[in-house]
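Biologist: Could you walk me through this one, strand by strand and then across the chains? I'll ask, you reason.

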Protein chains: 2
Amino acid sequence: MLIRKSDNNKVSLAGHYTLRVGIRPLLLFFVIIAFFYFHLTAAGEELKSTSFNLMPWPVKAEITGGQFRLAENFYLGGEVKPGHRVFRAGTRFMSRLAGRTGLFFEQDYLAAQEISNSTKLFYYFERPGQLVPGEDESYQLEIYPGKIELKAKTDLGLLRGFETLLQLLSADEQGYFFPCLRLEDFPRFTWRGLLIDSSRHFMPVEVIKRNLLAMSAVKLNVLHWHLSDDQGFRVESKVFPRLHQLGSDGCYYSQAEIKEIIQLASELGIRVVPEFDLPGHSTSWFVAYPEYASAPGPYQIERKFGVMLPVFNPTLEKTYKFLDRFLKEMTALFPDPYFHLGGDEVDPKHWKENPEIQKFMKKNNIPDEPALQAYFNRRLLKILAKYQKKMVGWDEIYQPGLPQDVVIQSWRGQQALVDAVRKGYQCLLSNGYYIDLMGSAEKHYLNDPIPIDSPLTAEERKLVLGGEATMWAELVSAETVDSRIWPRTAVIAERLWSPPEIRDVDDMYRRLKAVSLTLEENGVNHLKNQLMMLRRLVQSDQIKSLEVLAAVSEPIKGYSRHSQGKPYSSLAPLTRFVDACYSESFQARDFKRLIEKFISSRDRRQAEEIKSKLQLWQANHQELVAAATFSPVLKEIMPLSENLASVSRAGLEALKLIMNGQRFDQTWLQAKQKLLEEARKPVAECELAVLPGLELLFNYLKK
Amino acid sequence: MLIRKSDNNKVSLAGHYTLRVGIRPLLLFFVIIAFFYFHLTAAGEELKSTSFNLMPWPVKAEITGGQFRLAENFYLGGEVKPGHRVFRAGTRFMSRLAGRTGLFFEQDYLAAQEISNSTKLFYYFERPGQLVPGEDESYQLEIYPGKIELKAKTDLGLLRGFETLLQLLSADEQGYFFPCLRLEDFPRFTWRGLLIDSSRHFMPVEVIKRNLLAMSAVKLNVLHWHLSDDQGFRVESKVFPRLHQLGSDGCYYSQAEIKEIIQLASELGIRVVPEFDLPGHSTSWFVAYPEYASAPGPYQIERKFGVMLPVFNPTLEKTYKFLDRFLKEMTALFPDPYFHLGGDEVDPKHWKENPEIQKFMKKNNIPDEPALQAYFNRRLLKILAKYQKKMVGWDEIYQPGLPQDVVIQSWRGQQALVDAVRKGYQCLLSNGYYIDLMGSAEKHYLNDPIPIDSPLTAEERKLVLGGEATMWAELVSAETVDSRIWPRTAVIAERLWSPPEIRDVDDMYRRLKAVSLTLEENGVNHLKNQLMMLRRLVQSDQIKSLEVLAAVSEPIKGYSRHSQGKPYSSLAPLTRFVDACYSESFQARDFKRLIEKFISSRDRRQAEEIKSKLQLWQANHQELVAAATFSPVLKEIMPLSENLASVSRAGLEALKLIMNGQRFDQTWLQAKQKLLEEARKPVAECELAVLPGLELLFNYLKK
């Protein structure tokens, strides 16, 4: 919705006004915002609040005035046949448009999309796009009162354009419309990925499918699929069936399923880059094949998390024979020209303890274990080259002697990326995009593969292909994974697509909230699973008080959930309160902004708003206690709920003091600050996200 | 949750009390309810309110006193290996138990479930169950303070028992437990089915999978899979690939997917009976193969709904050659001994109009078109027999001359079933179980395949195999289908499993609400999709007023949505307000019960409760108008919302009169009754479910 989705009162009111007085002022309104925002965008300055909910923000756009009004006689047409990638994209486009508007479109867009006298939306492209890095994904969109034209070099560009058009859907009291405009768009980076870890927790086919759909909605174009690790080997191998039979607990993708996923990804313009993590992170392989490990077996599928000892033996010729046959099969299964072999976090213990390995190193002048890993990588690189694949690996694969035709994925820091680029390697940034760390959208958003102060030369910058969000799955299940990926990954998608100057955080959050809602139509359940999980915790639909608490709680950040006393394994339930909390509380963020505004304005209405929130939170504890009496699983969050009540009570006191201009006792302030301090300690692996806002209030009081 | 899920205050309070005073009185409490309910159950009398949320209700149970307390040292054990059906059921059981309780179980139940000193839950069975009608599904469950024993003749019985045990999970302030008891259970009918229509709207694999899981939770054991119809041919045929290539718009199940679904079903103890509807309902076949139709082509996939003209030509030998090769392929793909060939709703027009067909009939002494269909069926029956399959068909297949080894599925009425049984046919009841008609759970619940007044003899009754709920898919999509199947199908499951005497409607609703919540853990989104759909309608998360209206609105009943002006096709959006409404409003039912209670008691507190509801509904309209200003798709529901406001206002007036014992004006009453009358007219394909309750209020006033 173009007009009313804004959190910005001014714009909303403007929209209201124009709508009441008719269409002409609306045009003026658009021309004005066009002037303010689009020209500024094109000029590369920071965006101010607008009422557009585009994400990623396009490179260049110009509002031309007027509207294309949507009606049941809306037909789309191109010169493709059913079954073609764009035809199917057109079908999905129409179906989503009908879904949002309830319009019964006349066109049988499943059967034919040829251009005719009825056509309103024309789409054109010059050639089929190739699913390879560097492919043209640009598109131009022109919306006139009577027709819409979407043009692109490749059909991939059209897919991106359909998503933009859907994000432009607007409404007023008369009906639905698209604003007239001219828009040009293309990505900043060619590799815009999301890693999904299917090993630590298996992610069934439908998880991958719905996330592919959501990825395409924000123009991501690489699924990096982490398919093997200590906790599970997830691909059917026909050559070595014991790999998946013994290494997966029955949870693996059949080759038919993998082909189906690759097919869907291809229809969405998304590449699928598989990762088999070697030589470490490989316990699950050795359940069936202990003979390739560096220490004698037997091995069992790992249930715990962390860096494990099992590691391939890189000194045996049979290891390479085995991996050659395996990679021959897998490189044929996955058509992408790139193939990820992991290479991270190798514990050298088993290499050090194995006298045969040590003897081999001595004999071959391999000075240390990192050099042994480099030797292993050179061997694998040769195998991949034989099967026409380019190798991708994590930071650690970079070792002296590693050939340059390898892509390095930096997870340890921006500096690692700079170093690798300077050695001539193509690089991807993942550091800063670790969404499993439960950081804020803001943090990910401002993390740039090539920051403004990057020391890289123009030539070197070309080696930065893009980046990838990483959804490591130690603490997510098929039920919660969507809520950890979305909506935050949308802002990483924008960072990788849009010009680097687009970095207004408030405007990003405004758009993110809207985009989060529209993402739901792709089937991702990042929003809708929360209440279901709360219902399960109390085995009742009386969950109001739990909702209130969950809305201002967040899972603790980083990997500290592992050190809170609960020994996580891949069998541990991920169904507790902490799992139902969103990774970031928008309510808490809004609360902090409200307090900031209040502090600068001392506006009484804002004080009232703050007060009513604090009262709600203060009163909530008692209700939650009543609701959770017979839910032992909720016992652990009682202190969290109590903390919310007591800091809210303190906040109410502070607010009263401020409003009345009263003085306060130093002892009182110290006591309250101690209270906040106490409330900052994690409870049940959660933290109260409202504390930063409340701290502002107390800091203000101190001044 | 055993104790606190009750809507019955008395039982809940009793639970409270016992918990506060300790375990002993709790034992007493259980003994008492055991006496009252279980003995009554065993004796076949009607159930009174209890705090147990079992559904289907078991045949016989006896509370023995005490509890099995659940802790992290809970181990289950049997004598099966990983990969076995029961082993995997045990895994799912433990995982769901962990999911509800948040307990980090010590056992690695993915790797081993052998019996050891740690075992707390022992499961035993004598032999693997066969997935055929008549197989033994009985089980015995004994819960002691120190251990739990689950025993069955077949592993299928164990699957049923695991579900019962999960439904017995209880909690108090100390933690989770199972109540000690002895329980014996077995099904009344051997064929307890759900039909899912994948043709009218394609239902992706995950829809089928999650519904299989939900089916197994209420002990259903047959998925009747409607795979072809006018609107789509949904199965990959390797013998005639043009069938799915041209007949499905690309929406079909690959054979690999079908095998996977059959595999999952088998693990859940569910048979998969495919249906290919012949000779009518077959337009989609003729897109590729017009030569087997009774009228010349070309044919296109049908988009509209209803009884269509295209029909197979039963007079051509090549028709049977074609169907023979097709059925040879499909009978091999689907292992079930039964195979459904439809046979319903054949329009004889094309047969009458085709002179060759008429000639054939004359030549072969076939008097009329029903007889021609009987001829067709006899030919198909021979083909199926060749492939060792028993035929199932709808009512219409019964014609003189039809051999007796056919199962007839009655959809046209109870009498059709009685007639067919008396001719010696095995029968299934679907009449009364048409869940697409949007009827109440009560209606389905009280519909019995063998009602108390059935004229059938004991011998004849054996021919009634059971029944099937039918989820026809004209007006459901993958997004809404779960909310049309669940929770209502759970009461049909109870009707088909439990003794016929179990038919207390209030108690059924009490349990149904609880079961509906636990069904969510199987992935069905019957509850969680509603808010998502409401959010999409307003493109915002401000949906409170929409929720209020949706909670007391229902889709209009029967097939009248088709005649409300909107021309439904398989492309029409099923995303409007009506689609977001549940098929039955529990709130409205509770409201009616409240009014009933109030009328008999004239209790002031109940009046207050009624008043606050009416006030909420009355005030809601204004909020909804504000929320929906820029949602043209919601314009259609404004009169519905207005109606709710005005009947609520009238209700408040009536309530006041009653409470004050005031007299009223006859004109006033007539005006109000006219108002109710008006509000009864469907709006936007919805009806206000609170009207029956309000009518009671006005009827009372009239007396």
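Biologist: Glad to have this in view! Which residue of β7(A) is the bridge partner of A:I143?

Modeller: Keep in mind that this is a predicted model. Strand β4 (residues 139–143) of chain A pairs with β7(A) in the antiparallel sense, over five bridges. Within β7(A), the partner of A:I143 is A:L181.

Biologist: And how many bridges link strand β1 (residues 60–69) of chain A with β7(A)?

Modeller: One example of a bridge partner in β7(A) is A:F178, which is matched with A:F68. Strands β1(A) and β7(A) run in the antiparallel sense, and the number of bridges in their pairing is seven.

Biologist: What joins β6(A) to β7(A)?

Modeller: Strand β6 (residues 170–172) of chain A also pairs with β7(A) in the antiparallel sense, over three bridges. A:A171 has A:Y176 as its bridge partner in β7(A). Two residues make the link from β6(A) to β7(A), and the connection is a hairpin.

Biologist: With those pairings in mind, how many residues of β7(A) are buried?

Modeller: Strand β7(A) spans residues 175–185, and 11 residues make it up. A residue counts as buried here if 20 or more other C-beta atoms lie within 10 Å of its own. By that test the strand is mostly covered, and the number buried is eight.

Biologist: Now to the helices: are α5(A) and α7(A) roughly parallel or roughly antiparallel?

Modeller: The axes of α5 (residues 205–217) and α7 (residues 255–267) of chain A come within 10 Å and cross at roughly 10 degrees. Angles under 35 degrees count as roughly parallel. The two helices, α5(A) and α7(A), are therefore roughly parallel.

Biologist: How many nonpolar residues are in the contact of α5(A) with α7(A)?

Modeller: From α5(A) come A:V205, A:I208, A:K209 and A:L212, and from α7(A) come A:E257, A:I261, A:L264 and A:A265. Two residues of this contact are charged and none is polar, while the nonpolar count is six.

Biologist: Last topic, the chain pair: which element gives the most to the side of chain B that touches chain A?

Modeller: On this interface, 49 residues of chain B are in contact with 49 residues of chain A. The elements of chain B giving two or more residues to that side are α3 (85–101), β6 (170–172), β7 (175–185) and α19 (529–538). With five residues, the element that gives the most is α19(B).

Biologist: And how many residues on that side of chain B are charged?

Modeller: By class, the side of chain B that touches chain A has 19 nonpolar and 13 polar residues. The charged residues there number 17.

Methods. Residues numbered from 1 in each chain as written. Chains lettered and ligands numbered in written order. Predicted model: local features only at pLDDT ≥ 70, side-chain atom pairs only at ≥ 80, totals over all residues. Contact = placed C-beta atoms within 7 Å. Helix = DSSP H or I, 4+ residues; strand = E, 2+ residues; numbered from the N terminus. Nonpolar A, V, L, I, M, F, W, Y, C, P; charged D, E, K, R; others polar. Buried ≥ 20, exposed ≤ 12 C-beta atoms within 10 Å, placed from the backbone. Pairing = 2+ DSSP bridges. Axes fitted to C-alpha atoms, helices over the stretch in contact; angles between N-to-C directions. Parallel < 35°, antiparallel > 145°, perpendicular 65-115°, else oblique.
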